[in-house]
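Visitor: Please show me the model. I would like to go through its sheet and its cores.

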Amino acid sequence: APGDTVKFLATSSGHNAATITGMTPTNAQPFKGKINEEIAVTLTEAGLYGIECLPHYAMGMVMLIQVGEVPLSNLHIPADVPEAAKQRFQAIVDRALNAQ
């Protein structure tokens, strides 16, 4: 829900969490954790947040956070997103829709 906080834990080295440009709600604050850094982020805007691990983005290490009652069909994947990440986002959406 808007106002919830998500904590990204540094459970293995070499990773971070950062918003993907063009994959956050309007007026949402972007964030970028440092490598091996635990961060907590309060997501205030309803919508879909595309999150990447910068070192492994091209390999498809991404996640999608759904804040509020926004349909997954609202997901917009920018053209410059690496192919492996696009496929991963589609798999996330497909799995969520099949679970409904």
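Guide: What follows is a short round of questions on the sheet, the helix and the cores. This is a predicted model: local features need pLDDT of at least 70, side-chain atom pairs count only at pLDDT 80 or more, and totals for chains, interfaces and linings use all residues. Residues are numbered from 1 along each chain as its sequence is written, and side-chain values use heavy atoms, without hydrogens and water.

Visitor: Which strands stand at the edges of the sheet?

Guide: The open sheet has 3 strands in the order S2-S4-S5, with antiparallel pairing. Strands are DSSP runs of E, at least two residues, and helices are runs of H or I, at least four, numbered from the N terminus; strands pair if DSSP finds at least two bridges between them. Each edge strand has a single partner, so one side is left without a neighbour in the sheet: these are S2 (18-19) and S5 (62-67).

Visitor: What angle does the direction of H1 make with that of S5?

Guide: Helix H1 (residues 83-99) packs on the sheet and touches S4 and S5. Contact means heavy atoms within 4.5 Å. Axes are lines fitted to C-alpha atoms, for helices over the stretch in contact, and angles run from 0 to 180 degrees between N-to-C directions. The angle is about 40°.

Visitor: Which element gives the most to the largest nonpolar core?

Guide: Such a core joins buried (under 20% relative accessible area, 1.4 Å probe, protein chains only) Ala, Val, Leu, Ile, Met, Phe, Trp, Tyr and Cys residues through side-chain atoms within 4.5 Å. The largest has 13 residues, and Phe89 is among those touching the most other members. S5 and H1 are the elements that give two or more residues. With 4 residues, the top contributor is H1.

Notes:
Buried < 20%, exposed > 50% of the residue type's maximum accessible area, 1.4 Å probe, protein only.
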